[in-house]
Each structure stands twice: as C-alpha cells, then as structure tokens.
Amino acid sequence: MPNPSIKKESIDFLKTLSKNNDREWFNKHKGQYTEAHENIIDFASALLAEMNKHDNIETASGKSSLHRIYRDVRFSKEKLPYNTHWSGGFRRATKKLRGGYYFHIQPGNSFAAGGFWGPDPQDVQRIRQDIDINYQDWDKLFANKTMVNTFGKMIGEQVTSAPRGYTKDHPAIGLLRYKQFLLKHDFTDQEVLSQDFVKNVNDVFKKMRPFLDLMSEILTTDANGRSLVE
C-alpha cells in the first residue's frame, strides 16, 4: 500500500489558522483540526515505520512524535495561542546512537532537519576537540556530493568569536564556532502534498546518517576508540 500523503485540507487548515489565531475560532473549527491532526499522525506513523528499517528509533509511535499545536505562552511576548505548523521529532535509541530527527510542515516553510539542537557543554567540548584534530575528515564529510546537494552546509547557533582554547586563525574555525550541529533540507508546498513525501523525508533522514554516526562515535568513544557507554 502507498504511504499516506499530507492532505491539502491539512495545509489549508494551517493557512486559515494563521489568520484566525484565537481560541474562539479554533473551538468552532475543532472538527477540522481533528481531521487534519489525524492525517499528520498517519504521516508520522508511516515515516516512523520507514525509519525503523534503517535506524533504531526509540520514539514509540507517530502520534507520540508530534508536538502540540497549543503554544506555551507563559514566557513569550507573543501571546497567540496556537502554532501554525505541524511538527514532530524522533529520537535514536540506545546511548550509543546520538542525535535526533525533526520534521516541520508549514505553508512556505516546510523542512526536515536533524542533528544536535542542545548538546550539553561536555558534548560540545568533545565535538570541538575532534574538529581540532580531525578537521580534514570533517571537511571531507561536508564536501561529499550527496551531503552538499541535500543539505548545503551545517547550520546552527555559533559563538561570535573563537571559542575558548582556540585561535581565530585555526584552519577549522568555521566549524569550531558552532554550538549547535544541524542539517536541514527544505521542501516546497508541492513536494509536501506529493504521494512520495514520506519516502522523500525518509530519504533525507537516511542521508544524514554519516553525520549522525560520526557524531555518535565522537560522543561515545575515547581517543583510543574505547566505548564510554554501556
């Protein structure tokens, strides 16, 4: 059977919600939300099934992967109550498989991403140590044709200058500045609505694997290749 596709109605709901982002409108159109939400659950479930064919994902279900449409506005200046996108994430299983996957569906701003959103300071230090020593291998990874064509370059927050312990003229200073380590691939609205969207997102995630596997090795082994995790 073909994988479930994202329905046009699920995207149209987001477009209308972005113009009517208030509780009264949402409550009147709760039925439309429920139908669209079920469609996204079906999509996420099919995507998770495909991903478990090539990776080990600990996220239990497509439904549990989804982020809530309700915004937490307690500490936000913007008090709009609802997100105007569908999104979800998958975590890799076991302590030896690091990194995660994320999908974001929004009119004009849909993408698949993955990597390390919030590595702790110890992880960042280990990654920078590896870049310092093996930056030529990192350059080779990001010069790979598939990597370039799919993701362009690594993205994420960076420090404004050289991180502590490194000089501004280090040959890998461009990589050393990162404190988030992410890959991202954009999709057009037409691609989101295609019958092949599950397959295409899964293919993007598969192409992240050399990056995620490298990072997992760096973060779970010492300089002699000995495992740091059970």
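Residues are called buried under 20% relative accessible area, exposed over 50%, and partly exposed in between. The structure described here is a predicted model. By that division D12, with a relative accessible area of 27%, is partly exposed because its value falls between the two limits. The side chain of D12 meets that of K8 in a salt bridge, with an N to O distance of 2.8 Å. Both residues belong to helix 1 (residues 8-19), where they are four residues apart, about one turn of the helix.

The K8 and D12 pair belongs to a wider set, as the structure holds ten salt bridges. Side chains of opposite charge can pair when their charged atoms come close. In the bridge between R92 and D55, the closest N and O atoms are 2.9 Å apart. This pair links distant parts of the chain, 37 residues apart: R92 is in the loop between strand 1 (86-91) and strand 2, and D55 is in the loop between helix 3 (30-51) and helix 4 (62-65). Both R92 and D55 are buried. These two residues are also part of a network of salt bridges that links D55, R92, R209 and D213.

A further salt bridge joins E58 to R91, with the closest N and O atoms 3.0 Å apart. Here too distant parts of the chain are linked, since E58 lies in the loop between helix 3 and helix 4 and R91 lies in strand 1, 33 residues apart. E58 has a relative accessibility of 44% and therefore counts as partly exposed. R91, with a relative accessible area of 56%, is exposed.

The nonpolar interior was examined next. The largest nonpolar core has 58 residues, and F13 and F211 are those with the most contacts inside it. Helix 3 supplies the largest share of this core, ten residues. When residues up to four places away in sequence are not counted, F13 touches W25, F26, H29, Q32, Y33, A36, I69 and W86. F211, for its part, is one of the buried residues of helix 10.

Two helices were compared with the span expected at 1.5 Å a residue. The twelve residues of helix 10 should span 16 Å, and the end C-alpha atoms of this helix are 16 Å apart, so the two values agree. Helix 5 (residues 121-143) has 23 residues, but its end C-alpha atoms are only 27 Å apart, short of the 33 Å that a straight helix would reach. Helix 5 contains a kink of about 95°, centred on N134.

Both helices contribute buried residues. In helix 5 these are D123, V124, I127, R128, D130, I131, W138, L141 and F142. They pack against helix 6 (145-151), helix 7 (173-176), strand 4 (181-187) and helix 10 (209-220). In helix 10 the buried residues are R209, F211, L212, M215, S216, I218, L219 and T220. Their packing partners are strand 2 (100-105), strand 3 (110-116), helix 5, helix 6, strand 4 and helix 9 (197-207). R209 is thus both a buried residue of helix 10 and a member of the salt-bridge network with D55, R92 and D213.

Strand 3 pairs with two other strands. Strand 2 and strand 3 run antiparallel and are joined by five bridges, with Y102 opposite A113 in strand 3. Strand 3 and strand 4 also run antiparallel, joined by seven bridges, and S110 stands opposite F187 in strand 4. Seven of the seven residues of strand 3 are buried, so this strand is largely enclosed by the rest of the structure.

Strand 2 and strand 3 form a hairpin with four residues between them, and G108 in the turn has a positive phi of about 80°. G108 is exposed, with a relative accessible area of 66%. The C-alpha atoms of G108 and Q195 are separated by 18 Å, while the two residues are 87 residues apart along the chain.

H85 lies in the loop between helix 4 and strand 1. At 19% relative accessibility H85 counts as buried, because that value is under 20%. Leaving aside neighbours within four places in sequence, H85 is in contact with L14, Y102, H104, I105 and Q106. Among these contacts, Y102 is the residue that stands opposite A113 in strand 3.

Notes. Residues are numbered from 1 along each chain as its sequence is written. This is a predicted model: local features need pLDDT of at least 70, side-chain atom pairs count only at pLDDT 80 or more; totals for chains, interfaces and linings use all residues. Side-chain values use heavy atoms; hydrogens and water are left out. The expected span of a helix is 1.5 Å times one less than its number of residues. The bend at a residue is the angle between axes fitted to the seven residues ending there and the seven starting there. Buried means under 20% relative accessible area, exposed over 50%, partly exposed in between (1.4 Å probe, protein chains only). Contact means heavy atoms within 4.5 Å. A salt bridge is a side-chain nitrogen of Lys or Arg within 4 Å of a carboxyl oxygen of Asp or Glu. A nonpolar core is a set of buried Ala, Val, Leu, Ile, Met, Phe, Trp, Tyr and Cys residues joined through side-chain atoms within 4.5 Å. Two strands pair if DSSP finds at least two bridges between them.
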